[in-house]
Amino acid sequence: MLRKPAAMRENQQQELGAPRPAGPWAGLAVIVCVMAGLAFMASVNFLLFHALIEVFSVIVAGCIFVVAWNGRRFLDNSFLPSVGIAYLFVGLLDLLHTLAYKGMGVFSNVGSNLATQLWTAARYLEAAALLVGALLLKQKVRAELFWLLYAALALGLTLTIFAWPVYPACYLEDQGLTVFKKVSEYVICALFLAALAVLWRGRERFEPGVWRLLAGFFVLRIASELAFTLYVDVYGFFNIVGHLLKLAGFMVLYRAMVETGLARPYALLFRDLKRNEEQLEQRVAERTREVTEALAFERLVAELSARLNAPAEGLSEAIGDALRRLVEFFQADRGMLLEANADLTEARVLYCHAPSAAPPAPEVFQRAMVPWLLESARQRRTVCLDSLDDLPREAATDREALARLGTTSGLLLPVFVGQRLRYGLALDCLGSRRTWPQALRERLRLAGEVFGNALTRERGEQEAGRLRREFIRMDRMTRMGELTAAIAHELNQPLTAILSNAQAALRFMDHADPDPDQLREILKDIVEDDRRAGNVIRSLRSLVKRGTAREEPVDLNGVIQEVLALVHSDAVARKVDLRSRLAEDLPRLLGDKALLQQVLLNLLMNAVEAVTEQAAGARAVTVGTERGAAGTLRLYVRDTGPGLPPDKMERVFEPFFTTRQGGLGMGLAITASIVARHRGRIWAENNPAGGATFFVELPAAGPAGGQA
Amino acid sequence: MSAKGTVYVVDDDPSVRRSLARLARAAGYEAQAFASAGEFLASEDLRATGCLVLDVRMPGLSGMDLQEEMRKTGRAMPIVFLTGHGDVPTSVEAMKKGAVDFLTKPVNDEELLAAIAAAIRKAAQDQAARTEAQEVRRRYESLSPREQEVLRYVLTGMLNKQIALALHIAEKTVKVHRGRVMEKMRAESVAELVRMTQKAGIEPAAVGRQTGNVVTW
């Protein structure tokens, strides 16, 4: 992301540089021509040649000062201020040197020594300033200090030359260059080299082009100084060469500092600024990415939280889906929701979202498998592993377990409910290392809480569902208990018939001439009665079965007939006239047969109870089926009992509502809850001729369900 | 076979009553099956000597109701009760009212047939007793009103003298009447006369406080 703007800036720089003379060769040619011209001028008029070169270097020094001084505020180091301020004084010394040059006639009675002394002084100052600047490349010192330092140095040097002539002689008319002068040049070269070496170490702080020019400047300056050790005459050949090299050096310096400083200030002066800006931009980009990710994550968590609070589908599906979304958001390979048991000896995997290729995760993580991870979770620590190497030495067991799971990088977030560690959210990568962003790690706690709430709620719902199912079953068992005698009778009848038939058959066989037709009839009856007993047992079994509700196509009339078979003898015993009016060709409905039997059983037994209050001849219960409105089936149970109090028509379906003594009042409430589960509706009406009728309307199964 | 008697099976369960009737037939009885007490009462054939095999629990009139009904109308018949479950109070009541047996379903054939045999025996005895009583009644009705009166006084155990005193007639006249009563009733002794008339339901004369003085002879 950062690369591109940088490249663009590079382009801009080249565009800005474009107006310069076309190509480096043309510029070089001009320089060579100027050099040649100057060399020729030196042979004609050395003084003019010298003055031009020195004035040029003085001007360059001045320019450097101007650029450095005015740009100091943008710099975060003291190289340029040090060098710039020093060059102002170097320029002044050079000017003095020029004016003191032999033959200039500014100072009376001076030979070549004064100019040479000033020269060496200027060079010392220059080299020292460059070294000081190089040393201050990475720090910033107040510019005023340089003023003081260099003004003092320049003044001191000048005074030692003019006022108190303690400055050693550099040129003696009879000896030429003194030892001091030669040694000075070497010292100055050494200083230049030292400065170059120091700068080389910090070269990355310069723009590459500027650094190359700067390095060239040092090379030319060193070459120039070496040339000055060789001349014998201040008008001599090496003197000319030295001055030409100095000129070249200052031209290069001009390019490096002045031209760059003016034309492309960001390459020199604002380089730090620019770099700061780039760093800033990078930080801003990073921060933006972090914030964007954080925002996206918060949005995700908010969305998941909303979905989990009001799931369109089942809560379990919503949790599974939320886990998948989280895994995808973190670009992890696998996600697990774990539930710790009460004594934290194991964690059960409640949900797992993993690619099919992943090694299968165990259903339960025993404490022995991952002791360190469990302990970390207990201490509310989120474990983040960029790789398994991040695990401490004592987690060797955990490491082995994780390696078996294929985990190469992972994260485990403990989720506390109250003060207890209840759940864990685990994300991991299979086969790659990765860094888990710190900011998101913290936000993950939010997701953990959302999952924690959802899982707790799911637990509650499961528990409530279990209790409800158990309650319904208990109601059924109670009904069965009430019906025991009747059911025994229903079984006893066929058994009686079978025994008597069989024994009759045995006796017929003993007769002299047994009638085969009669025996056949007896056997047929035995088979029929055995079936009948079997049906009773089957009805019973479906009523007492435990287990979750199943949806299957159910024949309502069949359900009624089975229940009637169970209730029949109870009705007989209570002298209740029990009849059925079943509509033919009824469509099937989708539901749980046992629960529907329970509905009918409750309604029938209620009705039988109700009519028992009447005189023996007036006890009638009719159960019937018919087609209801718009694809529904209707079941009704009509009795000739006392009817329902009109103001309590609705309340009869409330739990613990009973009109009879000794009744618990749960039967109709449970019946209503079963009907609701079958997307049906239940209501009661009083009959015009007395008694009450309970209606149940249930949606018929679609054509497909009917066929099944 | 009809000599053994008829078994009337009353049970609302068609399969059960068919099997019970079959068993009775296999044992050599005549058998008739009825789906309800009402049906039985409507078609009861009292001419045949027989017994009832009766289910206690039935819609409409129950077995116990039928027993009561028959007793009330004097058409009593030996009854073998069958019940789905042994219900002690019901069985005690049924036995008190003259049931021959009270059996629990499913019933073993030997048990049931033994009960039927006993019931049929009782039916035969009842029949014989009924026939004897009818004969005694017929003889009693052939007596003149005065002879009947004397007979009823004889049954009280009074001496001729006492009877004469009670009827305000001569002792001799009582003696004549008495001789004629013994002859017409074909009784060899007063003891036989008492036994005979008891079976026919002929009550002794009401003699007020004097009945306390029982005289042996």
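User: Why is Arg457(A) called partly exposed?

Analyst: The relative accessible area of Arg457(A) is 29%. A residue is buried under 20%, exposed over 50% and partly exposed in between, with a 1.4 Å probe and protein chains only, so Arg457(A) is partly exposed. This is a predicted model, in which local features need pLDDT of at least 70 and side-chain atom pairs count only at pLDDT 80 or more, whereas totals for chains, interfaces and linings use all residues. Residues are numbered from 1 along each chain as its sequence is written, chains are lettered from A and ligands numbered from 1 in the order in which they are written, and side-chain values use heavy atoms, with hydrogens and water left out.

User: What makes the pairing of Arg457(A) with Glu461(A) a salt bridge?

Analyst: Their side chains meet at 4.0 Å, N to O. The term requires a side-chain nitrogen of Lys or Arg within 4 Å of a carboxyl oxygen of Asp or Glu, so the pair qualifies as a salt bridge. Glu461(A), at 44% relative accessible area, is also partly exposed. Both residues belong to helix H15 (residues 438-510) of chain A; because they are four residues apart in that helix, about one helical turn separates them. Helices (H or I, at least four residues) and strands (E, at least two) are DSSP runs, numbered from the N terminus.

User: How do you know that Arg324(A) and Glu328(A) form a salt bridge, and how many residues apart are they in helix H12?

Analyst: The closest N and O atoms of Arg324(A) and Glu328(A) are 3.1 Å apart, so the cut-off is met. The two residues lie four residues apart in helix H12 (residues 315-329) of chain A, which means a separation of about one helical turn. Arg324(A) has a relative accessible area of 27% and is partly exposed; Glu328(A), at 46%, is also partly exposed.

User: In the salt bridge of Arg574(A) with Asp570(A), what makes Asp570(A) buried or exposed?

Analyst: Asp570(A) has a relative accessible area of 12%, so it counts as buried. Its partner Arg574(A), at 27%, is partly exposed. The closest N and O atoms of this pair are 3.3 Å apart.

User: How many salt bridges does the structure hold, and which residues are linked in a network?

Analyst: Over all chains there are 52 salt bridges. A network of them links Glu54(A), Asp94(A), Arg123(A), Glu126(A), Arg221(A), Glu225(A) and Lys246(A). In general, side chains of opposite charge can pair when their charged atoms come close.

User: What makes the phi of Asp585(A) and Ala630(A) worth noting?

Analyst: Most residues other than glycine have a negative phi. Asp585(A), not a glycine, has a positive phi of about 55 degrees, and Ala630(A), also not a glycine, has one of about 45 degrees. Asp585(A) sits in the loop between strand E10 (577-581) and strand E11 (589-591) of chain A and is exposed at 67% relative accessibility. Ala630(A) sits in the loop between strand E12 (620-627) and strand E13 (632-639) of chain A and is exposed at 77%.

User: How do you know that the peptide bond between Lys105(B) and Pro106(B) is cis?

Analyst: Its omega is about -15 degrees, and the bond is cis. Most peptide bonds are trans. Pro106(B) lies in the loop between strand E5 (101-104) and helix H5 (109-142) of chain B.

User: What makes a space in this structure a cavity, and which residues are closest to the centre of the largest one?

Analyst: A cavity is a set of points, on a 1 Å grid over the protein atoms alone, where a 1.4 Å probe fits but cannot get out; lining residues have an atom within 4 Å of a point. The structure holds five cavities of 30 Å³ or more, and the largest contains about 370 Å³. Of its 26 lining residues, Leu338(A), Leu373(A), Leu402(A), Leu412(A) and Ala426(A) are closest to the centre. Strand E8 of chain A gives the largest share of the lining, seven residues.

User: How much of chain B counts as buried, and what pattern does it follow?

Analyst: Of its 217 residues, 47% count as buried. Chain B has nine helices and five strands, in the sequence order β-α-β-α-β-α-β-α-β-α-α-α-α-α.

Terms used: 1 Å grid on protein atoms, 1.4 Å probe; cavity = no way out; pocket = protein on both sides within 12 Å on 5 of 7 lines; lining within 4 Å. Points joined across faces, edges and corners; volume = space filled by probe spheres on them.
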